[in-house]
Amino acid sequence: MPAPTEAPSVDRRRPPHTRRGVAVLVTAALLLPLHAATGAADDLDDRRRSAQEQADGARQRTDDLRASAEGLSADLAQAVAELAETEARLPAAQEQLREAQATLDGAERRAEILAARVVDAREQQSALRDGLARTTARDGEVRAAIGQLARQAQRGGAGASGLAVVLDAEDLDEFSSRMQALETAQRSQDRLLEELTTLAAATRHHEARLAAVGDRIGELRAEADAEVVRADLARADAAAREAEITRLLAEQEATRRRLGDMTAQAEAEAAAADRERAAIEAELAGIIAEQQRVAAEQERIRVEQERVRAEQERARAEEAAKAGQQPPQPQAPPAAQPAPPPASGASGPVFTNPTSITPMYVTSSYGMRLHPILGYTRLHAGIDLRTYCGTPLYAPRDAVVRWSQWRNGFGNQVMLDHGSVDGQSLMSSLNHLTRSTVAAGQRVRRGDLVGYSGNTGLSGACHLHFEVYRNGSTVNPAPLLGR
């Protein structure tokens, strides 16, 4: 008979199942309804969809935080970037923890099912062994009975046939009695021989089933051991994921506390930036007022010249009339020269790409956005365009350089005056430059080099902060760039 096999080394921390409970568990595992499997798949899809939405939201929050760092000093921007990075990693880490826990739960359930199957197989093995023992015992009894019949036949005479024994009867009664005894002995022998044949077949069947059950127990033990290994690995993975989330949450809280401690610094920087912007706008207003004064003076001179010319024409006409001469024809004023069309064409964008990155890429738009430290919205008065440290920057339109200098918060700034466009003053500024290549009063043409991008002033990374001013106030540059 097959030697007994050892029980599988499965996790014994869960309570053992009863025989009935094992059967129910195994049956449930093998005969899961189709709708249950479909429901599990739907639930998995829902979890993955939710995780994707969380990841998308985290990426958006990260982009917003990184964009808001554009107006911060380096240390504040670094703290905001660290917070953004932590918050971006949390949803993925949480989803990985859920997946690791699901893997652990599945491995533990499969290990329990396999352990239950091993118990069931061992009970089958025990029942088969009991049956084989009974068959073997009966086989011995039958063989003993056949041996007893053989011995009785030998006592009646080893060479005597059944017919000779009957014919030796002295009378009819003895003959009849011997015939009945002979038939009974023959039937007993035939029945025992038939039973012996049946027992031999039953023994072979029990031995074959025992061998099959033994093999199946070995397979189940191997599967159960593998599931235990998988469960141990999943448990370790889940613990690592949980530790990672704990670490990220701790980092997040520490960074938030550090940002909270920087509130005074952030307020001071914001106030300084507001003062600098007000100063710039005041300077632009002064420039526009001077331009308007000059334009008004030029218009006054033109009107005065027209008045003088008209007086002169009238005087000449009066003198000619006194002399009886034909009065001279009045001279027409010189025709005004039409203004040249913009270089980009009447229907094209007002400005061309001021960066060397093609196509132009906007990393942060114009408009209100939340200050990452102070918690209130502020106007992002331009657009941020992707550049790299030290890449060329160009004049987006013909202009006069109003200034090229350091401005608090804006870093190295080049202010370009594009004159009057559609009856309104139009200017633009390029900010956070590493250095400029132009000077105040210089005239530049569209596409001329004006400097190189950088990370000066309140800036979190190398980029171009591009602003446009119409009549001295900022407007959204995107439409003017064809965005």
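# Getting to know a predicted model

Biologist: Which residues does Phe-466 touch, not counting residues up to four places away in sequence?
Modeller: This is a predicted model, and a contact here means heavy atoms within 4.5 Å. With residues up to four places away in sequence left out, the partners of Phe-466 are Phe-351, Pro-354, Gly-382, Ile-383, Leu-385, Pro-396, Ser-428, Ser-429, Leu-430, Pro-477 and Leu-481.

Biologist: Nice start! Which residues touch the most other members of the largest nonpolar core?
Modeller: That core has 22 residues. The elements that give two or more residues to it are strand E4 (383-385), strand E6 (399-407), strand E7 (411-421), strand E8 (424-433) and strand E12 (464-470). The members that touch the most others are Phe-351, Leu-416, Leu-430, Val-444 and Phe-466.

Biologist: How many residues are in the second, separate core?
Modeller: Leu-114, Val-118, Leu-128 and Leu-210 are included in this second core. Its full count of residues is 10.

Biologist: Let's turn to charged side chains. Which residue of helix H5 forms a salt bridge with Arg-138?
Modeller: Arg-138 lies in helix H3, so a partner in helix H5 (residues 172-261) ties together parts that are 57 residues apart in sequence. The N to O distance of this pair is 2.4 Å. The partner is partly exposed, with a relative accessible area of 23%. Its name is Glu-195.

Biologist: Arg-138 also has a salt-bridge partner in its own helix; how far apart are the closest N and O atoms of Arg-138 and Glu-141?
Modeller: Both residues lie in helix H3 (residues 74-155), 3 residues apart, which is about one turn of the helix. An α-helix has 3.6 residues a turn, so residues three or four places apart point the same way. Glu-141 is partly exposed at 46% relative accessibility, and Arg-138 is partly exposed at 32%. The closest N and O atoms of the two are separated by 3.0 Å.

Biologist: Which residue forms a salt bridge with Glu-311?
Modeller: Glu-311 and its partner both lie in helix H6 (residues 263-322), 3 residues apart. Glu-311 is partly exposed at 37% relative accessibility, and its partner is partly exposed at 39%. The closest N and O atoms are 2.0 Å apart, and the partner is Arg-314.

Biologist: How many salt bridges does a search of the whole structure find?
Modeller: Besides pairs, there is a network of salt bridges that links Glu-108, Asp-232 and Arg-235. Searching the whole structure gives a total of 27.

Biologist: What distance does H6 reach from its first C-alpha to its last?
Modeller: H6 has 60 residues, and at 1.5 Å a residue the expected reach is 88 Å. The model comes close to that expected value, with a reach of 87 Å.

Biologist: Which strands stand at the edges of the open sheet with the order E5-E11-E9?
Modeller: The 3 strands of this sheet pair in antiparallel fashion. For example, 3 bridges join E5 to strand E11 (residues 449-452), and Tyr-394 stands opposite Leu-449 in E11. An edge strand has a single partner strand, so one side of it is left without a neighbour in the sheet; here the edge strands are E5 and E9.

Biologist: Is Asp-422 buried or exposed?
Modeller: Asp-422 is found in the loop between E7 and E8. It has a positive phi of about 55 degrees although it is not a glycine. Its relative accessibility is 76%, and a residue counts as exposed when the value is over 50%. Asp-422 is therefore exposed.

Biologist: Which proline follows a cis peptide bond from Thr-358?
Modeller: The omega of this bond is near 0 degrees. The proline sits in the loop between H6 and strand E1 (362-364). Its name is Pro-359.

Biologist: Finally, over which residues from 336 onward is the pLDDT below 50?
Modeller: The mean pLDDT of the protein is 78, and 76% of its residues reach 70 or more. Residues 1-37 stay under 50. Where pLDDT is low, the predicted coordinates should not be read in detail. The stretch you ask about has 5 contacts beyond near neighbours in sequence, and it covers residues 336-346.

Conventions. Residues are numbered from 1 along each chain as its sequence is written. This is a predicted model: local features need pLDDT of at least 70, side-chain atom pairs count only at pLDDT 80 or more; totals for chains, interfaces and linings use all residues. Side-chain values use heavy atoms; hydrogens and water are left out. A salt bridge is a side-chain nitrogen of Lys or Arg within 4 Å of a carboxyl oxygen of Asp or Glu. Helices (H or I, at least four residues) and strands (E, at least two) are DSSP runs, numbered from the N terminus. Buried means under 20% relative accessible area, exposed over 50%, partly exposed in between (1.4 Å probe, protein chains only). The expected span of a helix is 1.5 Å times one less than its number of residues. Two strands pair if DSSP finds at least two bridges between them. A nonpolar core is a set of buried Ala, Val, Leu, Ile, Met, Phe, Trp, Tyr and Cys residues joined through side-chain atoms within 4.5 Å. pLDDT is the predictor's confidence in each residue, from 0 to 100.
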